[in-house]
Amino acid sequence: FTENGNHYKNYTGPEFQDVDENAWYHKEVKDARIYGITKGYEDKTFRAGRDVTRAEFLTMAMRSTYGENSNMLFPENGETKDFKDVSPAAWYYTTVQSAKNKGIITGYNDNTFHPDEPITRAQAAEIIKNILEKSQFDLEFKDNESDEEDGQNEENEDDDYNSKKYSFPDVPADEWYTNAAMTNNRLGIIKGGDDGTFAPFRNLNRAESAAVMIRLRNTLKEHA
């Protein structure tokens with residue numbers, strides 16, 4: 001895997017041999033390559049349908065957000081304890097430690113990260129939400145239709161589950177990923193399926209991840 005390396009504003013590497021120009025993800029993958037978010041494999045393939053791992057997704061997300069500085073956020077004050085399963089020799093070590101230092105990831109209760117496991121949509125949504133929070137992005141849900149003429153907001157019960165506008169039938173109101181799923185849906189970064197569900201435990205593939213990264217990059221750019 002060759003996602004390691006620095007992010008460049010205009011990456012000039014070759015186009016991927018296995019990304020058809022008629023594929024729904026062609027533009028997103030092309031843009032992700034140009035922005036240095038993804039480099040693909042040594043055989044000049046992208047492997048769009050392959051599940052993306054937790055380390056790969058985090059690396060792309062950090063590049064999308066911090067660009068050339070994605071590996072320069074290493075602990076400055078005190079030490080951030082290493083994950084037990086992230087070796088200092090791993091290509092993703094600095095990125096993972098930087099993300100942990102920033103509070104973007106916390107890992108599992110046993111101080112592991114499981115870098116090589118496929119990432120689920122719920123986990124990916126949580127990383128995106130945390131990145132937005134650390135970028136001072138306003139994640140407060142607002143329902144303009146609830147504003148009264150005198151400027152006072154009507155008092156809703158939990159904002160009527162955030163007006164139910166961004167909720168999913170397969171995302172309970174009290175799960176750890178609930179807010180992340182609705183935030184991503186509201187911003188159009190990780191969206192639901194055609195059937196209206198979020199499928200929180202389905203794995204993300206590389207094509208979907210590339211699309212997510214471009215949406216994240218555009219969202220941050222629009223609200224800079």
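**Close-up views: helix packing and salt bridges**

**View 1. H1 passes H7 in a left-handed crossing.** This is a predicted model. The contact draws on Glu28, Val29, Asp31 and Ala32 of H1. From H7 come Ala210, Ala211 and Ile214. By class, the contact of H1 with H7 has 5 nonpolar residues, 2 charged residues and no polar ones.

**View 2. H1 and H7 pack at an angle of about 65 degrees.** Their axes lie 8 Å apart. H7 covers residues 206-222, and H1 covers residues 26-34. H1 therefore counts as roughly perpendicular to H7, because that class takes in angles from 65 to 115 degrees.

**View 3. A salt bridge joins Asp31 and Lys27.** The closest N and O atoms are 2.8 Å apart. Both residues belong to H1 and sit 4 residues apart, so about one helical turn separates them. Asp31 is buried, at 14% relative accessibility. Lys27 is exposed, with a relative accessible area of 56%. The cut-offs behind these two labels are under 20% for buried and over 50% for exposed. Asp31 also takes part in the contact between H1 and H7.

**View 4. Glu56 and Arg50 meet through their side chains in a salt bridge.** The N to O distance is 3.1 Å. Glu56 is buried, with 3% relative accessibility. Arg50 is partly exposed, and its relative accessible area is 33%.

**View 5. Within helix H4, Lys129 and Glu126 lie 3 residues apart.** That spacing is about one turn of the helix, which spans residues 121-134. Their side chains form a salt bridge, N to O 3.8 Å. The cut-off for such a pair is 4 Å. Lys129 is buried at 9% relative accessibility. Glu126 is buried too, at 18%. Salt bridges with shared partners link Glu126, Lys129 and Glu133 into one network.

**View 6. The salt bridges of the model come to 6.** Among them are Asp31 with Lys27, Glu56 with Arg50 and Lys129 with Glu126. The acidic partners Asp31, Glu56 and Glu126 are each buried. The basic partners vary: Lys27 is exposed, Arg50 is partly exposed and Lys129 is buried.

How values were computed
Residues numbered from 1 in each chain as written. Predicted model: local features only at pLDDT ≥ 70, side-chain atom pairs only at ≥ 80, totals over all residues. Heavy atoms only, no water. Helix = DSSP H or I, 4+ residues; strand = E, 2+ residues; numbered from the N terminus. Buried < 20%, exposed > 50% of the residue type's maximum accessible area, 1.4 Å probe, protein only. Axes fitted to C-alpha atoms, helices over the stretch in contact; angles between N-to-C directions. Parallel < 35°, antiparallel > 145°, perpendicular 65-115°, else oblique. Left-handed = near helix turned anticlockwise from the far one by under 90°. Contact = heavy atoms within 4.5 Å. Nonpolar A, V, L, I, M, F, W, Y, C, P; charged D, E, K, R; others polar.
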